[in-house]
Amino acid sequence: MSILSVENLYKTYGDKTLFDQLSFTISGKDRIGLIGVNGTGKSTLLKILAGLESMDNGKIIHANQFHIEYLPQQPELDHALTVLEQIYYGDSSIMTAMREYETALADLEKDLGDEKLQTRLFQKQQKMDELDAWEANTVAKTVLTRLGITDFTKSVGLLSGGQKKRVAIAKALIQRADLLILDEPTNHLDNETIEWLEGFLAQYKGALLLVTHDRYFLNRVTNHIFELDGGSLYTYEGNYEIFLEKKAEREIIAEQNEDKRQNILRRELAWLRRGAKARTTKQKARIHRVEDLQNQKGPTTQGNIEFSIGSQRLGDKVIEVEGISKTLGGLELLKNFSYLLVPGERLGIIGPNGSGKSTLLNILAGRIAVDSGVVEVGETVKIGYYTQGDEEMNGDLRVVEFIKEVAEVVHTTGGQTITAEQMLERFLFARPMQWTYIRRLSGGERRRLYLLKILMTEPNVLFLDEPTNDLDIQTLSILEDYLDQFPGVVITVSHDRYFLDRVVDHLLVFNDGAISRFQGSYSDYMEEEQLRRELEAEAVVPTAKQEQPRKEKKKKLSYKDQQEWNQIEDRIAGLEEKKEALEAEIAASGSDIGKINELFAKQKQVEADLEAAMERWEELSLLVEEIENS
């Protein structure tokens, strides 16, 4: 049953059309994920539905008593209130009752012998009984605790930015709403909290509409996907995984239709040109048909990275830290920590907020000095550092001018030259948009531009501090493809489980002041943690239960190993063909010694690559065989 309908929604921003006659409905059990490239208007659409922003045209239809609860990306809280006062802020009777009860309870705790305060608390308890508000009160405190907020009487003004976001999430979750709207709810949450939130939303009684970059979260929480693209809205029934399949089908059909349109257009134009020589009057219907075909929009091209930027040569020595310690704000974040970064490393750093992950990155980048210990950086190291903070950008510069300040061109490992304009296109800045002033970009578009600026410096060591917080899913996919081919070192601090699985192959885990190493993907780590928790739980149950055989965890390939296994035979075949072609070319070179030496060098490299690929195929085939037999 539909609880909200949108008809012919139209909205412009300057000379850009954000929404072009959008129409859709939301039903009571819908769990909708809204996706689209940064700048397509996702947050604007949420604000319009929440009644916080106007539309140029269109209608939004819902019942008179319909209630929407909205969590923005950057919540605005009252710093004069305590955490509980902020949570219970609102005019509804149940919110008022819980707020007054908590106030009466706090006052009585200051003077337990005051009979007036006792009477007042009793009256507030009766009011809670009348409104059946105890469950909501328990839920509120449970939600706060699970979100890491345990001091309910603390002033909001004394909380960190991440804690304020968590208070705002708790406030949104405990409100009884027909439609709950969440804009990037997983930002600044650690992985354990995100998993708890997934479970909580699965039990939420109202409809849900959310924007998130977290693809695992999107896949597990949603049953519909809305995609904003070029002013239009495409709707898909199913979660993110099903959306990817259906979108691929839609794009194939769109490409086929575009080919058909272009063929018809060519024939019609040829007819008109032939007719112009023989007649002065042409069939108006055919002329109009050509005009209509010319005015139709073809499918938009998506950015992609099919090359590796030729970063500066990286020597054998990257970065080595030995016995480093660091204390900030009275908290010891690092103690006698040692680590050796090696060429080709793909390292993920995980752990709770405030545990020292970003501090370690800043130390490695030379931005923060250690209290003790040694940090040695190799002479050939060139660091590109994508930080969490907003980059200062001159709003009077155009997008292309900003990038060209870094480099006019970059060079691929294959010797190609890629211009700044071409790189911008690959990062979803179409040619017309490249002449847009930076001040007119959305926050997400600025972060995408900042990311490209870092990559344009051609680093050989790349630090990424929470890169997924402000980037849309499509940009993240482009970044992941880029990192697949990046020849240097990648170190990332991230809470994004999908991104970690795609990019890294081992982890540093910050936990309770200790740092441990884990070899494998993030999903491998979580499976091992789950197994550890199960074993700990079994240790405290009766012996009879302990003796029951435990089902052995099924082995499987990591994401990166699976991708490599899928492609390695094609890679070997390609190298063998390349080797044969070089042998033939050497044989045909006659007495041209210079050319033969050059070809021999290439042949030697190809043979080395082929031998390494064969060895890797053998390793993977043994692993696959072991998994299949387990």
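**Close-up views of a predicted model**

**View 1. Three strands make an open sheet with the order S2-S1-S4, and their pairing is antiparallel.** Look first at the two ends of that order: strand S2 (16-27) and strand S4 (57-62) are at the edges. Each of these edge strands has a single partner strand, so one side of each has no neighbour in the sheet. On average, and ignoring direction, neighbouring strands of this sheet are turned by 10° against each other. Please keep in mind, here and in every view below, that this is a predicted model. How many bridges join strand S1 to S4? There are five, linking S1 (residues 2-13) to S4 in an antiparallel run. To find one pair by eye, start at tyrosine 10, whose bridge partner in S4 is asparagine 57.

**View 2. Helix H5 covers residues 134-146.** Its 13 residues reach 18 Å from the first C-alpha to the last, close to the 18 Å expected at 1.5 Å a residue. Which residues of H5 are buried? They are Ala136, Asn137, Ala140, Val143 and Leu144. Seen down the axis of H5, these buried residues fall within an arc of 130°, so they line one face of the helix. Several other helices meet them: the buried residues of H5 pack against helix H2 (83-87), helix H3 (93-110), helix H4 (115-130), helix H6 (161-174) and helix H7 (191-202). Follow the chain just past the end of H5 and you come to glycine 148, which has a positive phi of about 90°.

**View 3. Strand S8 (residues 224-229) is largely enclosed by the rest of the structure.** Why can we say so? Because five of the six residues of S8 are buried. S8 pairs with strand S3 (residues 31-35), to which four bridges join it, and these two strands run parallel. In this pairing, leucine 34 has phenylalanine 226 in S8 as its bridge partner. S8 also pairs with strand S9 (residues 232-237), this time in the antiparallel sense and over six bridges. Here aspartate 229 stands opposite serine 232 in S9. S8 and S9 form a hairpin with two residues between them. In the turn of this hairpin, glycine 230 has a positive phi of about 60°.

**View 4. Strands S10 and S11 form a hairpin with two residues between them.** Strand S10 (residues 319-328) and strand S11 (residues 331-341) pair over seven bridges in the antiparallel sense. One pair to look for is lysine 326 with its bridge partner in S11, leucine 334. Glycine 329 lies in the turn and has a positive phi of about 55°.

**View 5. Threonine 359 sits in helix H11 (residues 357-364).** Is this residue buried or exposed? Threonine 359 counts as buried because its relative accessibility is 10%, and the cut-off for buried is under 20%. Leaving aside residues up to four places away in sequence, threonine 359 touches Lys326, Leu328, Leu333 and Ile368. You have already met one of these neighbours in the previous view: lysine 326, the bridge partner of leucine 334.

**View 6. Stepping back, the protein chain has 20 helices and 20 strands.** Of its 630 residues, 44% count as buried. Among contacts in the chain with a separation of 6 or more, 68% are between residues 24 or more positions apart. The accessible surface of the chain comes to about 33,200 Å², and 47% of it belongs to carbon and sulfur atoms.

Note on methods
Residues numbered from 1 in each chain as written. Predicted model: local features only at pLDDT ≥ 70, side-chain atom pairs only at ≥ 80, totals over all residues. Heavy atoms only, no water. Buried < 20%, exposed > 50% of the residue type's maximum accessible area, 1.4 Å probe, protein only. Contact = heavy atoms within 4.5 Å. Areas by Shrake-Rupley, 256 points an atom, 1.4 Å probe, with all protein chains shown as cover. Pairing = 2+ DSSP bridges. Axes fitted to C-alpha atoms, helices over the stretch in contact; angles between N-to-C directions. Expected span 1.5 Å × (residues − 1). Arc of directions from axis to C-beta.
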